[in-house]
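This report walks through one protein model, moving from a helix to the metal site and then to the backbone. The sequence and the coordinates come first, and the description follows them.

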Amino acid sequence: MNVLIVEDDSALGHFLDQGLKLDGHDVSVVTDGEAALESAARLRPELMILDLGLPRMDGIEVLAEMQQHFRSTSVLVLTGRAEMEERVKCLRLGADDVVMKPFSFHELRARLQALSRRRGQFADPVLRFGDLEMDRTQRRVTQAGCEVELTATEFTLLESLMRRRGERVCSRAELLREVWRMPLGAGAVAARTSRMDTNIVEVYINYLRKKLGRNSSAPRDASGVCHAVIRTVRGEGYLLDAPEERDLKAGTGNSPPDLTAIFALGGCVADV
Ligand code: CA
């Protein structure tokens, strides 16, 4: 979903931003009430997560304005105000749900899923990118119509990359957390294991490249869909990309070849 977070506590805003992005949502964050309404008009989010105690315009006023002008946006109120009357007031003003602070991210996620269901927006179980199609219900992946046999780890790794739809680089730390369920630690233990962890990611990325590379004889399928490749973005992580024709022709034209694309297409294990 497109989610607009309205929260003036920067640490909490950042936490929500990161967590919801990892869940595959498109997220924007603003820190005051007036910016909330400006962004609601511009972005037309499906969901607003709204703090009540805000600078420039109180959350209650924002909620009333949202009901008046942007009824298609669901509003989940996050509040530290414990009084029952306050919560009832929010619901009467049109809030779709009210979550009390402090809250757990698991609870928030469950509430968002319930809201999403109510909006009739079940997440599509099928992810598509370039010539790849992943059915998350049947645990099945095809590339250009050909079945790709993946292990459970490879499947989850590809899912993490596909959820970002080529729009955002996926860091190794994010992959360690999402695929291998490793906590993002700091300090001596993390320092000792980090090199090994990074190697695990690289090894599995290369397994995946080899399997995807098997179906990559043509840069485009008959309908013109680009072949999806996993690019390494140096110092940042990995990006699932469906390169434009110019990239694929790079080796034959006058411009220097795009080595990342060529290695990826060939399923080469070199990490450029
Ligand atoms: Ca606040």
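In helix α6 the buried residues are Glu154, Phe155, Leu157, Leu158, Glu159, Ser160, Leu161, Met162 and Arg163, and the model in which they are found is a predicted one. With nine of its twelve residues buried, α6 is mostly covered. The helix comprises residues 152-163 and reaches 16 Å from its first C-alpha to its last, which is close to the 16 Å expected at 1.5 Å a residue. An α-helix has 3.6 residues a turn, so residues three or four places apart point the same way. After α6 comes arginine 165, whose phi is positive and near 50°.

A second helix can be described along similar lines. In α7, which covers residues 172-180, the buried residues are Arg172, Glu174, Leu175, Leu176, Glu178 and Val179, and just after this helix arginine 181 takes a positive phi of about 55°.

**The protein as a whole**

The secondary structure of the protein comes to ten helices and eleven strands, and 44% of its 272 residues count as buried. Where contacts are taken between residues at least 6 apart in sequence, 58% of them join residues at least 24 apart. The accessible surface of the protein comes to about 14,100 Å², with 51% of that area belonging to carbon and sulfur atoms.

**The calcium site and strand β3**

Which protein residues serve as donors of the calcium ion? They are Asp8 and Asp51, each through OD, and Gly53 through O, lying 2.2 to 2.3 Å from the ion. In sequence, the spacing of these donor residues is D-x42-D-x1-G. The pair of aspartates links distant parts of the chain, since aspartate 8 is in the loop between β1 (2-6) and α1 (10-22) and aspartate 51 is in strand β3 (residues 47-51), 43 residues apart. As for their surroundings, aspartate 8 is partly exposed, with a relative accessible area of 35%, whereas aspartate 51 is buried, with a relative accessible area of 5%.

The strand that holds aspartate 51 is itself mostly covered, with five of its five residues buried. Both faces of β3 are covered, with Leu47, Ile49 and Asp51 on one side and Met48 and Leu50 on the other. β3 pairs with β1 in the parallel sense over four bridges, and within this arrangement isoleucine 49 of β3 is the bridge partner of isoleucine 5. β3 also pairs in the parallel sense with strand β4 (residues 74-79), here over five bridges, and leucine 47 stands opposite serine 74 in β4.

**Backbone geometry**

Most residues other than glycine have a negative phi, and most peptide bonds are trans. Against that background, the following arginines have a positive phi.

| Residue | Phi | Place |
|---|---|---|
| Arginine 44 | about 45° | loop between α2 (33-43) and β3 |
| Arginine 56 | about 70° | loop between β3 and α3 (59-69) |
| Arginine 165 | near 50° | after α6 |
| Arginine 181 | about 55° | just after α7 |

For arginine 56 the exposure is also available: this residue is exposed, with a relative accessible area of 58%. The peptide bond between lysine 101 and proline 102 is cis, with omega at about -5°, and proline 102 lies in the loop between β5 (97-100) and α5 (105-118).

**Cysteines and strand β9**

How many disulfides does the structure hold? The count is zero. Cysteine 146 is partly exposed, with a relative accessible area of 37%, while cysteine 170 is buried, with a relative accessible area of 0%.

Glutamate 147 is found in strand β9, which covers residues 146-148, and this glutamate is partly exposed, with a relative accessible area of 42%. When its neighbours within four places in sequence are left aside, glutamate 147 is in contact with Arg140, Val141 and Thr142. Its C-alpha atom is separated by 9.8 Å from that of leucine 132, a residue 15 places away along the chain.

Note on methods
Residues numbered from 1 in each chain as written. Predicted model: local features only at pLDDT ≥ 70, side-chain atom pairs only at ≥ 80, totals over all residues. Heavy atoms only, no water. Donors = N, O, S within 2.8 Å, 3.2 Å for Na, K, Ca; no water. Helix = DSSP H or I, 4+ residues; strand = E, 2+ residues; numbered from the N terminus. Buried < 20%, exposed > 50% of the residue type's maximum accessible area, 1.4 Å probe, protein only. Contact = heavy atoms within 4.5 Å. Areas by Shrake-Rupley, 256 points an atom, 1.4 Å probe, with all protein chains shown as cover. Expected span 1.5 Å × (residues − 1). Disulfide = S-S within 2.5 Å. Pairing = 2+ DSSP bridges.
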